[in-house]
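Reader: I am new to this structure and should be grateful for a close look at a single part of it. Would you please choose one helix and describe what surrounds it?

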Amino acid sequence: MPELPEVEVVRRGLEKHVVGRTIEKITVLHRRPVRSHLGGPEGFASDLMKRGIDAVARRGKYLWLVLGDDAMIAHLGMSGQFRVSRPHDPQLRNTRVLFDLDDGTQLRFVDQRMFGGLEFVPRGGHCPVPHIALDPFDPRFDPVVVAKRIRGRRTTVKRAILDQKLVSGIGNIYADESLWRAKLHFDHPTQGLTQSRAVELLGHARDVMSEALTAGGTSFDSLYVNVNGESGYFERGLDAYGREDQPCRRCATPVVRRRFANRSSFLCPRCQRLPKS
């Protein structure tokens, strides 16, 4: 699932192509992506018709188009993509919604697995996801305050940094990468963290996501691409995630894979030991 760097890459691509444009026509090819709209596909199209796109905003993994006082949230899910094309260009097989813009281009929402979706939020232009915490790239993000909140939870460190109500944008990939850099086991109790180590961990999370953003995000297959169809290549620089049985870049111990909440965690068993107490 796309995490903060991947969503930010898409946001920047959309910003370049759609800000200042007006939506002239909407064609819903499959109703599932707009399933949350009470008016169905017809109501969704009616609410967005002739709306100007003022900005493309993001918080954590959430992306939205600012339409005056309103917003359209885009949930990318597992395989959601936006592609900027010309109306006569061939459509990808899993194209779900078309937005014809006033400059003659067409914005297309493509979603193979259809876990993603588009949601119109009246009066949501400022922030349609107020329940989601600030992410480490937000200028208002205070790592000292967030570190205290993490240490106040009775949980484990990976569960805490994946909690989008504590800190947003971090998913499974960048959680493993941040924990590797901090030399922390994913099951390390949050109450056993010192304040300085918690702040350090958040710093590593920001650093690794910043590096991934520079590389265009992390792409393991064709399901994550930018609006021009290009893949990111940060997977080449991953230190932990997906590197089972490969040598740790610090100590050469083989990286291991462990079960974690119906997913996997990758770590170095030597560098990231669980505390005995």
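Author: The following account deals with helix H6 and its packing partners, and then turns to some other parts of the chain. The model is a predicted one.

Helix H6 covers residues 195-214. A suitable place to begin is the largest nonpolar core, which has 31 residues. Helix H3 (143-151), helix H4 (157-162), helix H5 (172-182), H6 itself and strand E9 (256-260) each supply at least two residues of this core. The largest share, seven residues, comes from H6. Among the residues with the most contacts inside the core are Ile-150, Ile-161, Ile-170 and Tyr-174; Leu-179 and Leu-201 belong to that group as well. Leaving aside residues up to four places away in sequence, Leu-201 touches Val-157, Ile-161, Ser-178, Leu-179, Ala-182 and Leu-184. A second core, separate from this one, has 26 residues, including Leu-14, Ile-26, Leu-48 and Ile-53.

Two packed helices are described by the angle between their axes and the distance between the axes. For H3 and H6, the angle is about 115° and the axes are 9 Å apart. Their crossing is right-handed. On the side of H3, the contact is made by Pro-143, Val-144, Val-146, Ala-147, Lys-148, Ile-150 and Arg-151, while H6 contributes Gln-195, Ala-198, Val-199 and Leu-202. By class, these residues divide into eight nonpolar, one polar and two charged.

Helix H1 (residues 4-18) also packs against H6, at an angle of about 40° and with the axes 9 Å apart. Because of that angle, H1 is oblique to H6. H1 passes H6 in a right-handed crossing. In this contact, Leu-4, Pro-5, Glu-8, Val-9 and Arg-12 of H1 meet Met-209, Ala-212 and Leu-213 of H6. The contact of H1 with H6 has six nonpolar residues, two charged residues and no polar ones.

Beyond H6, helix H2 (residues 40-48) deserves a description of its own. The buried residues of H2 are Gly-40, Pro-41, Gly-43, Phe-44, Ala-45 and Leu-48. Of these, Leu-48 is also included in the second core. The buried residues of H2 pack against several strands, namely E1 (23-28), E3 (62-67), E4 (70-75), E6 (95-101) and E8 (117-121). After H2 comes Lys-50, with a positive phi near 65°.

Gly-52 lies in the loop between H2 and strand E2 (55-59). Its relative accessibility is 27%, so Gly-52 counts as partly exposed. Not counting residues up to four places away in sequence, Gly-52 touches Arg-21, Thr-22, Val-66, Leu-67 and Gly-68. From Gly-52 to Asp-100 the separation is 48 residues in sequence and 12 Å in space, C-alpha to C-alpha.

Two further loop residues may complete the account. Arg-123, in the loop between E8 and H3, has a positive phi of about 60° although it is not a glycine. Arg-123 is exposed, because its relative accessible area is 72% and exposed residues are those over 50%. Ala-261 is placed in the loop between E9 and strand E10 (263-267). The phi of Ala-261 is near 45°, a positive value in a residue other than glycine. With 37% relative accessibility, Ala-261 counts as partly exposed.

How values were computed. Residues numbered from 1 in each chain as written. Predicted model: local features only at pLDDT ≥ 70, side-chain atom pairs only at ≥ 80, totals over all residues. Heavy atoms only, no water. Buried < 20%, exposed > 50% of the residue type's maximum accessible area, 1.4 Å probe, protein only. Helix = DSSP H or I, 4+ residues; strand = E, 2+ residues; numbered from the N terminus. Contact = heavy atoms within 4.5 Å. Core = buried A, V, L, I, M, F, W, Y, C linked by side-chain atoms within 4.5 Å. Axes fitted to C-alpha atoms, helices over the stretch in contact; angles between N-to-C directions. Parallel < 35°, antiparallel > 145°, perpendicular 65-115°, else oblique. Left-handed = near helix turned anticlockwise from the far one by under 90°. Nonpolar A, V, L, I, M, F, W, Y, C, P; charged D, E, K, R; others polar.
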